[in-house]
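Trainee: Could you take me slowly through one part of this structure, the way its helices pack against each other, and then show me where the backbone does something less usual?

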Amino acid sequence: KLEPVWNEVGIEMKNMGSPVKVGKMDATSFSSIASEFGVRGYPTIKLLKGDLAYNYRGPRTKDDIIEFANRVAGPLIRPLPSQHMFEHVQKRHRVLFVYVGGESPLKEKYIEVASELIVYTYFFSASEDVLPEYVTLPELPAVVVIKDGTYFVYDEYEDGDLSSWINRERFQGYLHVDGFTLYELGDTGEMLLPLKYILDYQCHFFPSRLKSIIQEVARDYRDHFHRDFQFGHMDGNDYINSLLMDDLTIPTIVVLNTSNQQYFLPDRHIENTEDMVQFINNILDGTAEAQGGDGLLQRIKRIIYDAKSTVVSVFKSSPLLGCFLFGLPLGVISIMCYGICIADTDGGVDEHEAAKKENSDRELTDEGSEEEQEEEKNGRYTGLSDGELKQKDVMEKKKD
């Protein structure tokens, strides 16, 4: 599925004069190189820049891959020399990180973080007079993020490590969540990121009141919850049903803890913002009931659920293929079992006949054959005299 997209990426990157060279390698033939770069599955996309190798985990589309290549291959920090340039970039990026100021330890740290997180977002620098008028900085140098129609300034004492702060702030306050976004939210490594994510699942055609409630909470209660929660919504419920191994009706609210796969559902209907805030506080203080998890029983349940889902999806997509894939092995196993049972039955009959024959031979051996008995009888008659034989014959005739 990726190969035709990959060929288009190579052609377009070449046509635009990009310094990035697009190629491919068979990791099954060059396993040592694959092991060196930590390849664990196929296909894997990596961009090599100097001594660093950047993994791509986004959507497998031409535009997304090219955008990733251009972002990582370009400069770590992109300068914004004018207000016009700033406005142009701001229209293209929903989340914008900007370093403001001269040379400083904060800038060195900013560059270090950029080299690590360039796979996710862009990093810019600008002078204070280039920033919009509504942005007010308490002091310089400073790192500011512009998103959700406002801005937030990094504070080392309140926000902690710069890398953790940027990794947390690179998401909008309220997201449209899909499988890639959810994976990105959970794949955080050792960085301090939100562990719980509130997702509002709604239909495509019927906007939910829940969406506006969660948007209000995300905006008005940011200072209370943004360190622990990421807010968003997902269209439909197929993905979340697979994730939670349960059938959820929509619209509904679910809180997923990506650190241990636990999830929380409200115990009553959410009518307003106050109900939503109370539900979140119950999760934070531990009074809300947690479901799911990553325990042994849940893992066994996951295996069974995945196997069942796979079988059902195969039969739905291609009934004939499903019958062949599952019918053929079952048929072979049935024939083998039948053959084993028949072999045991025949063996039992043969053993019974052999035992019967052996007993018959033993009886004949004990009693002697008919010829031996006749010979023995004749031998006894031979030992008698002629007179005795005549007398014996007379006695037999009388008896007759």
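Mentor: What follows looks closely at helix packing, with a short view of the whole before it and some points about the backbone after it.

Please keep in mind throughout that this is a predicted model. The protein has 16 helices and 13 strands, and of its 400 residues 32% are buried. Among the contacts with a separation of 6 or more, 66% are between residues 24 or more positions apart. The accessible surface is about 26,000 Å², and carbon and sulfur atoms account for 54% of that area.

Now to the packing itself, for which two packed helices are described by the angle between their axes and the distance between the axes. Helix 1, which covers residues 2–15, packs with helix 3, residues 62–73, at an angle of about 50°, and their axes are 9 Å apart. That angle makes helix 1 oblique to helix 3, and the crossing of these two helices is right-handed. On the side of helix 1 the contact is made by L2, V5, W6, E8, V9, E12 and M13, while helix 3 brings K62, I65, I66, A69 and N70 to it. If you sort the residues of this contact by class, you find eight nonpolar, one polar and three charged.

Another pair to look at is helix 9, residues 209–220, with helix 12, residues 273–284, whose axes come within 9 Å and cross at roughly 65°. Here too the crossing is right-handed. Helix 9 takes part in the contact through I213, I214, E216 and V217, and helix 12 through T273, M276, V277 and I280. Sorted by class, the contact of helix 9 with helix 12 has six nonpolar residues, one polar and one charged.

For the backbone, it helps to know that most residues other than glycine have a negative phi, and that most peptide bonds are trans. Against that background, look at the bond that joins Y42 and P43, which is a cis peptide bond with omega of about -5°; P43 lies in the loop between helix 2 (31–36) and strand 1 (45–49). A cis peptide bond also joins L140 and P141, again with omega of about -5°, and P141 is in the loop between strand 5 (123–126) and strand 6 (142–147). Finally, D148 is not a glycine, yet its phi is positive, at about 55°. D148 sits in the loop between strand 6 and strand 7 (150–153), and its relative accessible area of 41% means that D148 is partly exposed.

How values were computed:
Residues numbered from 1 in each chain as written. Predicted model: local features only at pLDDT ≥ 70, side-chain atom pairs only at ≥ 80, totals over all residues. Heavy atoms only, no water. Axes fitted to C-alpha atoms, helices over the stretch in contact; angles between N-to-C directions. Helix = DSSP H or I, 4+ residues; strand = E, 2+ residues; numbered from the N terminus. Parallel < 35°, antiparallel > 145°, perpendicular 65-115°, else oblique. Left-handed = near helix turned anticlockwise from the far one by under 90°. Contact = heavy atoms within 4.5 Å. Nonpolar A, V, L, I, M, F, W, Y, C, P; charged D, E, K, R; others polar. Buried < 20%, exposed > 50% of the residue type's maximum accessible area, 1.4 Å probe, protein only. Areas by Shrake-Rupley, 256 points an atom, 1.4 Å probe, with all protein chains shown as cover.
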